[in-house]
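Hi,

Here is the structure I said I would pass on to you. Have a look at it first, and then read my notes underneath.

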Amino acid sequence: MLSATHLGKKYRGIWALEPLSLQLNQGMYGLLGPNGAGKSTLMRLLAGLLAPSTGDAVINGLSVRSGSNVRLQIGYVPQNFQMYPQLTAREWLRHVAKLKGIGTRKEQDAEVERLLHTVHLTARADRPARTYSSGMVKRLGIAQALLGSPVVVIVDEPTTGLDPEERVRLRNVLAELALSSVVLLSTHVLSDVESSCGNVIVLGNGKLHYKGRLAGLAHFAEGRLWEWEASHHEWQAIAQERLLAARKTADGVLCRVIADEPPSPYAAAAVPSMEDGYLALIGSLPDVNGR
Ligand SMILES: Nc1ncnc2c1ncn2[C@@H]1O[C@H](COP(=O)(O)OP(=O)(O)OP(=O)(O)O)[C@@H](O)[C@H]1O
């Protein structure tokens, strides 16, 4: 459905995103990477909101920058989605449906009602947005992006700042959407990816480091994950730099560490999770100043 070929972006001679190629089909994709990795740049390029320095992204054969027809096939929810606080969800969605030029007035209204229901906002649809929780505003942002039934939905950090219940609700909305569309979801919350994305894309320092099945991420920590019960003294010595997790036990601290060699004579190899693999991958990237 969505493919990028040699897609990249430079600012003043420096790559914010080095040229990469991707093919995304129906389903949910997690976009991971530390701050400054290039995630927003990639999402805005794929959404056709940013002109690439090289390459192109196409949806079903049409460049994402080729005009309003293809733009209607892309729904984009920015990190800080905002709307007029005095408008209600229903008013806002009707306004956007009109701007997007979706069908007749009757069809627009029907689409708005369908989406209010999809994001579980029907009961609050006539209250002004200033009375909404941040989770409700995020769900409204998703409803807005879904107007016109896009085939690609790109969501920048949807669950940041949400309580666990709202996070699950939002994840479910996106998972349902992914049954028929491409959903690309950028997040710093690894558990969101773990629970809903079959595939992941990992960026770091403006480069693509991994694209593939979520389970494949664990590979980066294979043979490099160690666990052992350390003394308090030993734990303090390693805690500054290498520790992934530590749990107090009766006699010391149960440590979990990624390292090329066993960090202690007592360390035993452990089976890595996707999160261990991600941290091993990110931890191995050079620290580039200013990103
Ligand atoms: N308009 C711009 N002008 C110059 N440099 C930019 C511009 N936009 C982004 N960059 C640079 O491109 C790099 C990638 O930024 P981007 O916002 O895509 O990262 P990100 O992974 O989304 O980060 P975060 O997780 O912090 O939101 C950064 O080094 C950033 O400083």
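Before anything else, keep in mind that this is a predicted model. With that said, let's start at the ligand. Twelve residues surround the ligand, and those that come nearest are Tyr 11, Ala 16, Asn 35, Ser 40 and Thr 41. If you sort the shell by type, you get seven polar residues, three nonpolar ones and two charged ones. Which helix gives the most to this shell? That is helix α1, residues 39–46, with three residues.

Since α1 turns up there, let's stay with it for a moment. Is it enclosed or open? Six of its eight residues are buried, so α1 is largely enclosed by the rest of the structure. If you want to click through the buried ones, they are Lys 39, Thr 41, Leu 42, Met 43, Leu 45 and Leu 46. Notice that Thr 41 is also one of the residues that come nearest to the ligand. After the helix comes Gly 48, which has a positive phi, near 80 degrees.

Now zoom out to the whole chain. You should find nine helices and 14 strands. The C-alpha trace spans about 70 × 45 × 30 Å along its principal axes. Of the 291 residues, 38% are buried. Take the contacts between residues at least 6 apart in sequence: 67% of them join residues at least 24 apart.

How is the chain divided up? The domain assignment gives domain 1 (2–215) and domain 2 (223–271). Their centres, taken over C-alpha atoms, are separated by 39 Å. UniProt has an annotation here too: an unreviewed entry places the feature "domain: ABC transporter" at residues 2–230. Over residues 2–230 the chain is 31% helix and 30% strand, with the end C-alpha atoms 49 Å apart.

Next, the inside. The largest nonpolar core has 75 residues, and the ones touching the most other members are Tyr 29, Leu 46, Ile 154, Val 183 and Leu 184. Helix α5, residues 134–146, supplies the largest share of this core, with five residues. Both domains take part: the core draws at least three residues from each of domain 1 and domain 2.

Leu 46 is a nice one to follow, as it is among the buried residues of α1. Leaving out residues up to four places away in sequence, Leu 46 touches Leu 2, Ala 4, Ala 57, Val 64, Ile 154 and Leu 184. Ile 154 and Leu 184 may look familiar, because you met them in the list of core members that touch the most others.

Two other buried residues are worth a click:

- Ala 145 sits in helix α5. Why does it count as buried? It has 23 other C-beta atoms within 10 Å, and the cut-off for buried is 20 or more. Not counting residues up to four places away in sequence, Ala 145 touches Gly 75, Tyr 76, Val 77, Pro 150 and Val 153. Compare its position with that of Cys 255: the two are 110 residues apart in sequence and 44 Å apart in space, C-alpha to C-alpha.
- Cys 197 lies in the loop between α7 (190–196) and β9 (199–204). With 26 other C-beta atoms within 10 Å, Cys 197 is buried as well. Cys 197 and Gly 30 are 167 residues apart in sequence, yet 5.7 Å apart in space, C-alpha to C-alpha. Setting aside neighbours within four places in sequence, Cys 197 is in contact with Met 28, Tyr 29, Gly 30, Leu 185 and Leu 214.

Finally, here are two histidines to look up. What is the phi of His 6? It is positive, about 50 degrees, although His 6 is not a glycine. His 6 belongs to strand β1, residues 2–11, and it is exposed, with 12 other C-beta atoms within 10 Å. His 120 also has a positive phi without being a glycine, this time about 55 degrees. You will find His 120 in the loop between α4 (105–118) and α5. Is His 120 buried, exposed or something in between? With 16 other C-beta atoms within 10 Å, His 120 is partly exposed.

Happy browsing!

Technical notes: Residues numbered from 1 in each chain as written. Predicted model: local features only at pLDDT ≥ 70, side-chain atom pairs only at ≥ 80, totals over all residues. Near = placed C-beta within 6 Å. Helix = DSSP H or I, 4+ residues; strand = E, 2+ residues; numbered from the N terminus. Nonpolar A, V, L, I, M, F, W, Y, C, P; charged D, E, K, R; others polar. Core = buried A, V, L, I, M, F, W, Y, C linked by C-beta atoms within 7 Å. Domains from an automatic or database assignment. Contact = placed C-beta atoms within 7 Å. UniProt positions renumbered as here; feature names shortened; annotations may be inferred.
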